[in-house]
Each structure stands twice: as C-alpha cells, then as structure tokens.
Amino acid sequence: MPYDYFTPLAEQGLSEFSNLELNMLTAEYGQRVRVVLQNGLNFQDESEAHPFHMHGGDYWVLGRGQGIFDPEKDMEKLNFENPPLQSTTSVLPFGWTVIEFLADNPGFWLLHCHIGLHSAMGMGLVIAIAPEMIPDIPGNHHICGEVTVNKVLKRNNCEARRPIIHLE
C-alpha cells in the first residue's frame with residue numbers, strides 16, 4: 001500500500017506516529033559535529049531514498065555507502081579534503097551518508113527527511129546549538145498562540161477560505 005500524502009495520519013490509522021517526540025542533539029558553539037544518517041527498512045521491508053535537509057546552516061557531505069556504516073572500515077572512504085557543502089543530501093536505499101557541520105549558529109535547528117510524511121513520523125533530529133547563547137524573547141514580541149491566521153484575517157476583515165486543490 002503506497003503512502004497517502006494528502007490524508008492526515010490519524011485518518012489513515014497511523015495516529016501513533018502523529019505525536020512522536022523528536023530526538024535532540026546538543027552541540028557547543030564552535031564544535032564540529034559529525035552525523036551518520038543510516039537508512040533502514042520501511043513498513044514493507046523495503047528501503048527508499050531519503051532527502052535529508054538541515055535548517056540553520058549547511059553541512060559537508062563526507063561520504064556515502066551501502067549497507068550498515070562501519071566506523072572501522074568506512075572512515076577511510078570519507079572525503080575530509082574537499083567535501084561538498086550542502087543543505088540537503090540523499091541517503092540512498094540500504095545505505096548511509098555521513099555529514100559534518102560547524103555549530104556556529106546558536107538556535108534550535110531541524111535536521112529531517114524532506115518527505116513530509118517521514119518527518120511527521122519522526123524521521124528528524126533537533127539540533128540545539130549553544131542554547132545558552134540564545135537571547136531572551138523581547139517583552140514586546142508576540143509568542144506562539146498570540147498570532148493566528150484567524151486573528152490576522154479578522155483584523156483585516158477577511159474570511160478564511162479552504163483552498164481548493166484539483167487532482168487528476
């Protein structure tokens with residue numbers, strides 16, 4: 001059965017995936033962080049490609065390979081001399097990709113599969129870079145929940161309209 005990208009997870013009987021907690025990694029300011037993205041099997045015992053994207057900065061793609069990453073033998077395959085700098089890369093079916101980034105942008109940044117359903121199912125990682133360096137929110141700044149689409153529409157005398165999407 002293929003994934004239904006247009007129906008909410010709960011309506012597909014997959015509500016156990018709609019409230020997954022994200023994994024978190026904390027990095028100190030200026031630290032170089034290396035991450036191995038290991039691909040596995042999906043629910044149908046198949047493997048598929050995953051485009052992984054990182055917010056808050058770019059990373060170097062040090063290498064990729066097939067099977068399970070083995071630091072004893074696969075480290076020598078990595079490119080430390082001139083790796084490409086990217087914000088999105090593929091993790092191939094039944095494979096691995098090693099990325100590395102410099103933690104120099106304080107904040108909470110998401111590293112995730114760019115396929116929406118996969119992200120919703122928890123295929124992501126929050127990277128907390130130097131959280132102690134993040135300034136407090138100014139007292140006059142709106143916070144989550146204070147600004148909603150309906151409040152903005154009401155203030156501008158507009159109605160919320162459900163978008164119409166035609167699929168053939």
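These legends go with a handful of close-up views of a predicted model.

**View 1. The largest nonpolar core and its best-connected members.** Eighteen is the residue count to keep in mind here: this core has 18 residues, and Val35, Leu37, Tyr59, Ile99, Phe101, Leu111 and Ile127 are the ones that touch the most other members. Strands supply the pieces, with two or more residues each coming from β2 (32-38), β3 (50-54), β4 (59-66), β7 (95-102), β8 (107-113) and β9 (124-129). As a general rule, nonpolar side chains in soluble globular proteins tend to be buried together.

**View 2. Who sits around isoleucine 99.** Setting aside residues up to four places away in sequence, Ile99 touches Val33, Arg34, Val35, Leu37, Tyr59, Trp60, Val61, Thr89 and Leu111. Among these, Val35, Leu37, Tyr59 and Leu111 turn up again in the list of core residues that touch the most other members, as does Ile99 itself.

**View 3. A second core, separate from the one above.** This one is made of five residues, and Leu62, Phe69, Trp96 and Val98 are included in it. Two of these names come back beside aspartate 74, which is in contact with Phe69 and Trp96 as well as Ile68, once neighbours within four places in sequence are left aside. Asp74 belongs to helix α1 (residues 71-74). Is aspartate 74 buried or exposed? Aspartate 74 counts as buried, because its relative accessibility is just 2%, under the 20% cut-off. Its side chain has a polar partner too: the side chain of lysine 77, at 2.9 Å.

**View 4. Threonine 97, tucked into strand β7.** With a relative accessible area of 0%, Thr97 is buried. Its side chain reaches the backbone oxygen of serine 90 at 3.0 Å. Not counting residues up to four places away in sequence, Thr97 touches Val35, Val36, Leu37, Val61, Gly63, Arg64, Thr89, Ser90 and Val91. So Ser90 shows up twice in this view, once as the polar partner and once in the list of touching residues, where no polar pair is needed because contact just means heavy atoms within 4.5 Å.

**View 5. A nonpolar patch out on the surface.** Met24, Phe108 and Ile134 make this patch, which covers about 300 Å². Met24 comes from strand β1 (residues 23-27). At 52% relative accessibility, methionine 24 counts as exposed, because the cut-off for that label is over 50%.

**View 6. Two non-glycine residues with positive phi.** Most residues other than glycine have a negative phi, so these two are worth a closer look. Phenylalanine 94 has a phi of about 55° and lies in the loop between β6 (88-91) and β7. Alanine 130 comes in at about 45°, in the loop between β9 and α3 (149-155). Their surroundings can be compared as well: Phe94 is partly exposed at 45% relative accessibility, whereas Ala130 is buried at 0%.

**View 7. Glycine 40 in the loop between β2 and β3.** Gly40 is partly exposed, with a relative accessible area of 36%. Which residues is glycine 40 in contact with, leaving aside its neighbours within four places in sequence? Those are Glu46 and Ser47. Glycine 67 makes a handy landmark for this view: 27 residues separate Gly40 and Gly67 along the chain, while their C-alpha atoms are 8.9 Å apart.

Key:
Residues numbered from 1 in each chain as written. Predicted model: local features only at pLDDT ≥ 70, side-chain atom pairs only at ≥ 80, totals over all residues. Heavy atoms only, no water. Core = buried A, V, L, I, M, F, W, Y, C linked by side-chain atoms within 4.5 Å. Buried < 20%, exposed > 50% of the residue type's maximum accessible area, 1.4 Å probe, protein only. Helix = DSSP H or I, 4+ residues; strand = E, 2+ residues; numbered from the N terminus. Patch = residues over 30% accessible without salt bridge, like charges linked within 9 Å, V, L, I, M, F, W, Y side chains within 5 Å. Areas by Shrake-Rupley, 256 points an atom, 1.4 Å probe, with all protein chains shown as cover. Salt bridge = Lys/Arg side-chain N within 4 Å of Asp/Glu carboxyl O. Polar contact = N/O pair within 3.5 Å; in protein donor to acceptor, adjacent residues only side chain to side chain.
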